[in-house]
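Ready for a little structure reading? Have the model open beside you, and try each exercise before looking at its solution.

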Amino acid sequence: MTTLEQDIRRSVRTIKDYPRKGIAFKDLTTLWKNGRLNRRVTAALVASWRRGRIDKIVGIEARGFIVGAPLADRLGLGFVPARKVGKLPGDKMSVNYELEYGRQGLEIHSDAISKGDRVLVVDDLLATGGTAKAACSLVERLGGEVVGIAFVTELSYLKGREKLAGYEVRSLAKFDSD
Ligand code: AMP
């Protein structure tokens, strides 16, 4: 395990039974408040994704914005928000999906992705993979190509990678148990 992975795992706080009983919630706010560690996380994501053509970053509301926006800035790429239902003002594409603790919808502006755009999807955490898969399906319905999915952390015991089979999935730190 790398030092960065150890530091990420140590800095993430686990809150039991949030937002409902049985869920061990991984709270990354305890990582993000640490400026030096936060910078190392962004640098590691930049190093991981700087090779190869990417046209846009899609960040998933809300914690994917915190990770995706600085990454887009550092890579010199446009940032596209994938938002929860009812937040985007313009013409949009919608999808419904299951996540670890319920059902949700995700939307993206129809003109945010152009046909042939190579897109990196970003979120803070991979749990069951439903959210990331929904974001990928929105990108693809608009004619974009998903070149990868980037996470800071991954709950590997929930096997989200199986749902995302066929995509290039990378995370900086894995949790093998809650
Ligand atoms: P999933 O669709 O199950 O992969 O869920 C991923 C999304 O829900 C991400 O946006 C996470 O921020 C959030 N999420 C799901 N489960 C957890 C958890 N145990 N701890 C923290 N965030 C979670």
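The exercises below start from one lysine and move outward to its strand and the neighbouring strands. Keep in mind that this is a predicted model.

**Exercise 1.** Find Lys-56 and decide: is it buried or exposed?

*Solution.* Begin with the location: Lys-56 belongs to strand 3, which spans residues 56-60. Next, take its relative accessible area, which is 17%. Buried means under 20%, so Lys-56 counts as buried.

**Exercise 2.** Work out which backbone oxygen the side chain of Lys-56 reaches, and list contacts of Lys-56 beyond four places in sequence.

*Solution.* Follow the side chain first: at 3.1 Å it arrives at the backbone oxygen of Ala-112. Then collect the contacts of Lys-56, among them Gly-78, Val-80, Ala-112, Ile-113, Asp-117 and Val-119.

**Exercise 3.** Sort the residues of strand 3 by the way they point, and say how many are buried.

*Solution.* One way point Lys-56, Val-58 and Ile-60; the other way point Ile-57 and Gly-59. Five of the five are buried, so strand 3 is largely enclosed by the rest of the structure.

**Exercise 4.** Identify the strands that pair with strand 3, and trace the chain to strand 4.

*Solution.* Take strand 4 (residues 78-84): it runs parallel to strand 3, joined by five bridges. Here Val-58 sits opposite Val-80. Between these two strands the chain passes through helix 4 (residues 63-75), giving a right-handed β-α-β crossover. Now turn to strand 7 (residues 118-126), which also pairs with strand 3 in the parallel sense, over four bridges. In this pairing, Lys-56 faces Val-119.

Conventions:
Residues numbered from 1 in each chain as written. Predicted model: local features only at pLDDT ≥ 70, side-chain atom pairs only at ≥ 80, totals over all residues. Heavy atoms only, no water. Buried < 20%, exposed > 50% of the residue type's maximum accessible area, 1.4 Å probe, protein only. Polar contact = N/O pair within 3.5 Å; in protein donor to acceptor, adjacent residues only side chain to side chain. Contact = heavy atoms within 4.5 Å. Pairing = 2+ DSSP bridges. Right-handed = clockwise from strand over helix to strand, strands pointing away.
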